[in-house]
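Visitor: I would like to learn how to read this model with you, feature by feature. Could we start with one residue and work outwards?

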Amino acid sequence: MPNNTYQGAQLSVPDPTNQQPNLIRGTANAPLMADFSGNVVANQTTGSNFNMSNFLTAASPYLGMASAGMGLLSSVMNKPKNINQDFSFDLANSQYNTSQGLTNNMNSLSGLGQDFNNTYKDMMNPNGSYNQSMFQNLRQNVADTSSQNANQMNAAMAARGMMGMGNVYNAINNRQAGDQYAQGMQGIRNQSANLAGQFGQMSMGAYGQAGNLAGQADARQLQNTQFNTQNQNDYNQYLKMSDYNQQVQNQNARSAHSNNMSNNLFNLAGGFFGMGK
């Protein structure tokens, strides 16, 4: 008997000699069972109707939205806090103090130079104590010598019986005394000038040595000041650079957090739009 077609499925008429039911082969991938008279009695499946691929396709918008929501919540809860580290510390400065021995030497040399200088000035001054003392000695010596010469001359003339010549001899004696005094004054001035020059050189030498010691102390003090200044500059630069790097780090952290928030918001919005399709 020829086969009959039933809605796209092939129907087989049962064979009276074959007691097994014939299958109606349909197009829905589920075979249709027929009884011995050829009537369809039930649809039987050989497995479960659950399809994982279809489920994931249908649930993907919800899963994406949930994932974006969790990411957004995590971003809100993990908002970065600004780093506020204090980079300052106690900067120690070196101290330089001139030794007491060096200070004493400088003071001694300075005092010695002052004494030499005072002596120099006194010798260069005709009214100074040194010159006045020398002039007084000169006058006394010239006067003694003149008096001795006058006495000797008068005694000699008297021994020879020559009288009335005292005034002449006194005039001659006084002139000689004046010459001697003038020569003595010049000699004292020359001697004072020579000695004053020596004392002036000694004064300059003492002052020079004191100045050298003071210069060495000043050089050490300058080195110490420069060292402290350089350390202070390095310290200030360190503070500024550390603060700048900290600000950059905080800014980068805020930027990264903002970008993460934006991405999660876009993903969440995309999930909502996906649900409307």
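Guide: Gladly, and please keep in mind that this is a predicted model. Let us begin with Gln-246, which, leaving aside residues up to four places away in sequence, touches Ile-83, Asn-84, Gln-85 and Phe-87.

Visitor: Where is Gln-246 placed, and is Gln-246 buried or exposed?

Guide: Gln-246 sits in helix H4. The relative accessibility of Gln-246 is 6%, so this residue counts as buried.

Visitor: One of those contacts is Phe-87. How should I read an aromatic ring like that?

Guide: The general idea is that two aromatic rings are described by the distance of their centres and the angle of their planes. Searching the whole structure gives 4 aromatic pairs. In one of them, the ring centres of Phe-87 and Tyr-238 are 6.4 Å apart and the planes stand at 90°, so this pair is edge-to-face.

Visitor: Which parts of the chain does the pair link?

Guide: Distant ones: Phe-87 belongs to the loop between helix H1 (52-77) and H2, while Tyr-238 belongs to helix H4 (residues 166-275), and the two are 151 residues apart. Phe-87 is partly exposed because its relative accessibility is 24%. Tyr-238 also counts as partly exposed, at 34%.

Visitor: What kind of pair do Phe-89 and Tyr-235 form?

Guide: Theirs is an edge-to-face pair, with 4.8 Å from centre to centre and 80° between the planes. Phe-89 is in the loop between H1 and H2 and Tyr-235 is in helix H4, so the pair ties together parts 146 residues apart in sequence. As for accessibility, Phe-89 is partly exposed at 44%, whereas Tyr-235 is buried at 11%.

Visitor: Which residues form the aromatic cluster?

Guide: Phe-87, Phe-89, Tyr-235 and Tyr-238 make up one cluster.

Visitor: Let me stay with Tyr-238 for a moment. Which side chain reaches the backbone oxygen of Tyr-238?

Guide: That of Ser-242, at 2.8 Å. Ser-242 is found in helix H4 too, and it is buried, with a relative accessible area of 12%. To picture the spacing along a helix, recall that an α-helix has 3.6 residues a turn, so residues three or four places apart point the same way.

Visitor: What else in helix H4 should I look at?

Guide: Try Asn-228, which is placed in that helix. Its relative accessibility is 13%, so Asn-228 counts as buried. Apart from residues up to four places away in sequence, Asn-228 touches Asn-93 and Ser-94. From Asn-228 to Leu-91 the C-alpha distance is 9.6 Å, although the two are 137 residues apart in sequence.

Visitor: Now for a whole helix. How do I read the span of H2?

Guide: Compare the distance between the end C-alpha atoms with the expected span at 1.5 Å a residue. Helix H2 (residues 100-124) has 25 residues and reaches 36 Å from its first C-alpha to its last, close to the 36 Å expected.

Visitor: Which residues of H2 are buried?

Guide: They are Leu-102, Met-106, Leu-109, Gly-113, Phe-116, Asn-117 and Met-123. Take Leu-102, which has a relative accessible area of 15%. Not counting residues up to four places away in sequence, Leu-102 touches Leu-213, Ala-217 and Arg-220. The C-alpha atoms of Leu-102 and Ala-210 are 9.6 Å apart, with their positions 108 residues apart along the chain.

Visitor: Can we step back to the chain? In what order do its elements run?

Guide: From the N terminus the order is β-β-β-β-β-α-α-α-α, with 4 helices and 5 strands in the chain. Of its 277 residues, 19% count as buried. Among contacts between residues at least 6 apart in sequence, 65% join residues at least 24 apart. The accessible surface is about 19,900 Å², and 53% of this belongs to carbon and sulfur atoms.

Visitor: How should I read the confidence, and which elements have the lowest and the highest mean pLDDT?

Guide: The idea is that pLDDT gives the predictor's confidence in each residue, from 0 to 100. Here the chain has a mean pLDDT of 76, and 62% of its residues reach 70 or more. Among the elements, strand E1 (residues 4-6) has the lowest mean, 40, and H2 has the highest, 92. Over residues 1-14 pLDDT stays under 50, and the model has 23 contacts beyond four places in sequence for them. Residues 18-47 stay under 50 as well, with 46 such contacts.

Notes: Residues are numbered from 1 along each chain as its sequence is written. Side-chain values use heavy atoms; hydrogens and water are left out. Buried means under 20% relative accessible area, exposed over 50%, partly exposed in between (1.4 Å probe, protein chains only). Rings of Phe, Tyr and Trp (its six-membered ring) pair if their centres lie within 6.5 Å; planes under 30 degrees apart count as stacked, over 60 as edge-to-face and the rest as tilted. A polar contact is a pair of N or O atoms within 3.5 Å; within protein, one must be able to donate a hydrogen and the other to accept it, and residues adjacent in sequence count only if both atoms are side-chain atoms. Contact means heavy atoms within 4.5 Å. Accessible areas come from the Shrake-Rupley method with a 1.4 Å probe; for residues, only the protein chains shown count as cover.
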